[in-house]
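Please read the following report alongside the sequence and the three-dimensional view. It begins with one annotated position and then widens to other parts of the chain.

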Amino acid sequence: DRLWSRLSKVNVISFSSSPMAISDEPQLLRNGSVRIGSVLLRRRPSATSVNGLFDSSSTVEGESSGEELVKDSSSDDSVSSDQNIDASPEQDRVNYISAIQFTYRPSVPAHRRIKESPLSSDNIFRQLQSHAGLFNLCIVVLVAVNSRLIIENLMKYGWLIKTGFWFSSKSLRDWPLFMCCLSLAIFPLAAFIVEKLAQQKCIYEPIAVLLHIIITATAILYPILVILRCDSAFVSGVTLMLLACIVWLKLVSYAHTNYDLRALANSIEKGEELPSTLNMDYPYEVSFKSLTYFMVAPTLCYQPRYPRTPFIRKGWVLRQFIKLIIFTGVMGFIIEQYINPIVQNSQHPFKGNLLYAIERVLKLSVPNLYVWLCMFYCFFHLWLNILAELLRFGDREFYKDWWNARTVEEYWRMWNMPVHKWMIRHLYFPCLRSGIPKGAAVLIAFLVSALFHELCIAVPCHIFKLWAFSGIMFQAPLVLITNYLQNKFSNSMVGNMFFWFTFCILGQPMCVLLYYHDLMNRKSKLDQS
């Protein structure tokens, strides 16, 4: 450090007039080495030096040999720790000037190693290869293109955002749905009473199972009847159906988990030996507090206790809530300004001109993809994390990197982790334990998912054409196709691109057009009648 402070005061040489002054200005390092651009020159100890210290005859490494003059910093950035840091400023000045004299001489080789171009196929996907600049360019181009499209849309259509289709602000036709939403709390209370009676052995096990079946069935049928009887707004119906499905999934998990815990507790009471692989993390207990926390927690799988964070980050919650408001507004803007004009100027995909239908689907795919991505970000990232933070819920793996899915099977395993964990825990493995083949168990899982997707869309629209059901069931053969492509080409890009095209470019816009035109046909028939 004393040497460095002295060297900093020595005006060795000025490079202000050199073209190397900006990017290749020589830098004297602490150990006496000299760095010029990406080139590192080091001193070597003389034969007469003691303990590796440099004496007054120190020279630049490679001074006697042209091939050893320059070391590429990318292959040799290490410096020797046994160099003399106590050398005098005059010695370092001599070495410094000597190094400059040998730098970039014509006799020094400029090419020393085999190197690939940064964009070559062997180098572009390496982990050390950075494409941050190209990514920034894509972001800039995307912002510029979409800004032009927004301006063009406003000039062509004007401000189109309305609330009539999405929210019935001028009538009270949504109040029955709101009251139905509040009354859904009755079903968890009924399930708790049944579990309490079963724990105290006041009712037999088959009766407890039958009561849970009645409770869960009523929890899903009751909102369906309310929506079908009321001519409510689409968003209100979808919201109620989503809440009803969540309550149903939670009640099934609550009953199934307590049934399993009760069976294990009975086995322990009888002195039966449990498998060594079975890990009892918590005892069997029926607590109203644990049920209440479970019903509001961002999970579908019940357990008496959950991992908890130590405190609530209030500032973080506020920031996420502001993001939620912003992205919800973005979704509404895209829907009203882009999706509605496109679908209003379209025909039924299966009744009009084929080329025109393809053009409408492709034109709708981009704004629909934006809305879908915003929906994912708002719900799975922002809302579930806000809820988890307020409840100090620790496990926040609500999704994985589904955008890198190489097959449709990988996508469904990573896109919605709460539902995936529920399916694995309460449907897929119970089917396997019952002797059902693996392929049939997968089909059953897709069947249940297809039924709930159909309910969440068809019931609010009052249309039962099974478009959503067919779309989800069509994922089963797509699993086989993408698995085949992945195994055949051994390239993650092929399956990933196939997934994006079939799911986001073709599938979702097609379903939007189908449901829109069926909904418009239903409304026209109602108006005529």
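## The annotated histidine

H453 is partly exposed in this predicted model, its relative accessible area being 34%; because that value falls between the 20% limit for buried residues and the 50% limit for exposed ones, neither of those two labels applies to H453. The UniProt annotation "active site", which comes from an unreviewed entry, covers H453, and such an annotation may be inferred rather than shown by experiment.

The residue belongs to helix α13, which spans residues 438-461. Within its surroundings, the side chain of H453 reaches the backbone oxygen of S449 at 2.7 Å, and, when residues up to four places away in sequence are not counted, H453 touches A468 and I472.

## A buried serine in helix α7

S253 lies in helix α7, which covers residues 234-269, and with a relative accessibility of 0% S253 counts as buried. A polar atom of the S253 side chain is placed 2.7 Å from the backbone nitrogen of Y302.

Y302 also appears in the list of residues that S253 contacts once neighbours within four places in sequence are left aside. That list holds F294, L300 and C301 as well, together with W422, R425 and H426.

## Two positions in helix α9

Helix α9, made up of residues 314-344, contains G329, and I342 is placed in helix α9 too. At 41% relative accessibility G329 counts as partly exposed, whereas I342, with a relative accessible area of 8%, is buried; the 8% of I342 is under the 20% limit, and I342 is therefore classed as buried.

Distances between C-alpha atoms place each of these residues relative to another part of the chain. G329 and C374 are 45 residues apart along the chain, and their C-alpha atoms are separated by 9.9 Å, while for I342 and V361, which are 19 residues apart along the chain, the corresponding separation is 9.3 Å. Leaving aside neighbours within four places in sequence, I342 is in contact with R360, K363, L364 and P367.

## The second largest pocket

Which residues lie nearest the centre of the second largest pocket? They are L149, I150, N153, Y338 and P367, from a lining of 22 residues; P367 is also one of the residues in contact with I342. The space in this pocket comes to about 630 Å³.

Helices α3 (132-157), α9 and α10 (354-391) each supply at least two residues of the lining. The largest share comes from α9, which provides 8 residues of the lining of the second largest pocket.

## The protein as a whole

The protein has 16 helices and 6 strands, and 40% of its 529 residues count as buried. Its accessible surface comes to about 31200 Å², and carbon and sulfur atoms account for 64% of that surface.

Among the contacts in the protein with a separation of 6 or more, 71% are between residues 24 or more positions apart. The contact between S253 and H426 can be viewed alongside that overall figure, as can the contact between H453 and I472.

Definitions and conventions
Residues are numbered from 1 along each chain as its sequence is written. This is a predicted model: local features need pLDDT of at least 70, side-chain atom pairs count only at pLDDT 80 or more; totals for chains, interfaces and linings use all residues. Side-chain values use heavy atoms; hydrogens and water are left out. Helices (H or I, at least four residues) and strands (E, at least two) are DSSP runs, numbered from the N terminus. Buried means under 20% relative accessible area, exposed over 50%, partly exposed in between (1.4 Å probe, protein chains only). Contact means heavy atoms within 4.5 Å. Accessible areas come from the Shrake-Rupley method with a 1.4 Å probe; for residues, only the protein chains shown count as cover. A polar contact is a pair of N or O atoms within 3.5 Å; within protein, one must be able to donate a hydrogen and the other to accept it, and residues adjacent in sequence count only if both atoms are side-chain atoms. On a 1 Å grid over the protein atoms alone, a cavity is a set of points where a 1.4 Å probe fits but cannot get out, and a pocket is an open set with protein on both sides within 12 Å along at least five of seven lines; lining residues have an atom within 4 Å of a point. Grid points are joined across faces, edges and corners, and a volume is the space filled by probe spheres set on the points.
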